[in-house]
Amino acid sequence: MKKEIIHIGDLIREKFEEKCRADATFSKAKFARLIGIHRSSVYNLFKKHSVDTELLDNIGKVLDYPFLEEVYLKKPAEKPLPAVIVGVAISLEEFQKLKLPEELVALVEKK
């Protein structure tokens, strides 16, 4: 079985660019300041094949992406599913059998 190699710099750049598209005020300078490196080092970061785990954890917090899980646990990041509201009446007992996240069940049970 061939191991899949993740080029972490490419992945960081991809998530950085997504953040820039979502937030017009986000820049390389702001990113560098938030992760504790010099702005010119951001370019080098995008070229790296590996990154210190502490730095990668910090980058993940800033870019709101679970890099450590994806890279070290080989667990693909879950993308949020679109919210769908369907008006179907079911009993509370049937609802509890759906095995939904506890937070959602608790929220519904409160109402």
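Which helices do the buried residues of helix 2 pack against? They pack against helix 1, helix 3 and helix 4, and the views below lead up to that spot and beyond it.

This is a predicted model, in which local features need pLDDT of at least 70, side-chain atom pairs count only at pLDDT 80 or more, and totals for chains, interfaces and linings use all residues. Residues are numbered from 1 along each chain as its sequence is written, and side-chain values use heavy atoms, with hydrogens and water left out.

**View 1. Welcome to the whole protein, with 7 helices and 0 strands.** From the N terminus on, its elements run α-α-α-α-α-α-α. Here helices (H or I, at least four residues) and strands (E, at least two) are DSSP runs, numbered from the N terminus. Of the 111 residues, 23% are buried; buried means under 20% relative accessible area, exposed over 50%, and partly exposed in between (1.4 Å probe, protein chains only). The protein exposes about 9,000 Å², and carbon and sulfur atoms supply 56% of that area, as computed by the Shrake-Rupley method with a 1.4 Å probe. Among contacts with a separation of 6 or more, 50% come from residues 24 or more positions apart, where contact means heavy atoms within 4.5 Å.

**View 2. Helix 1 covers residues 8–22.** Its 15 residues reach 21 Å from the first C-alpha to the last, close to the 21 Å expected (1.5 Å times one less than the number of residues). Look for its buried residues: Ile 8, Gly 9, Leu 11, Ile 12, Lys 15 and Phe 16. They lie on the same side of helix 1 because they cover an arc of only 160 degrees around the axis; the arc is that of the directions from the helix axis to the C-beta atoms. These residues pack against helix 2 (28–35), helix 3 (39–45), helix 4 (53–63) and helix 5 (67–72).

**View 3. Helix 2 buries Phe 31, Ala 32 and Ile 35.** Seen down the axis, these buried residues fall within an arc of 100 degrees, so they line one face of helix 2. Just after helix 2 comes Gly 36, with a positive phi near 80 degrees.

**View 4. Charged side chains meet along helix 1, starting with Arg 13 and Asp 10.** Side chains of opposite charge can pair when their charged atoms come close. A salt bridge is a side-chain nitrogen of Lys or Arg within 4 Å of a carboxyl oxygen of Asp or Glu, and the whole structure has 4 of them. In the one between Arg 13 and Asp 10, the closest N and O atoms are 2.6 Å apart. Arg 13 is partly exposed at 29% relative accessibility, and Asp 10 is partly exposed too, at 36%. A second salt bridge joins Glu 18 to Lys 15 (3.4 Å, N to O). These two are 3 residues apart in helix 1, so about one helical turn separates them. Lys 15 is buried at 9%, whereas Glu 18 is partly exposed at 35%.

**View 5. In helix 4, Lys 61 reaches Asp 57.** Their salt bridge has its closest N and O atoms 3.3 Å apart. The partners are 4 residues apart, so they are separated by about one helical turn. Lys 61 is exposed at 60% relative accessibility, while Asp 57 is partly exposed at 31%. Elsewhere, salt bridges that share partners join Glu 14, Lys 15 and Glu 18 into one network.
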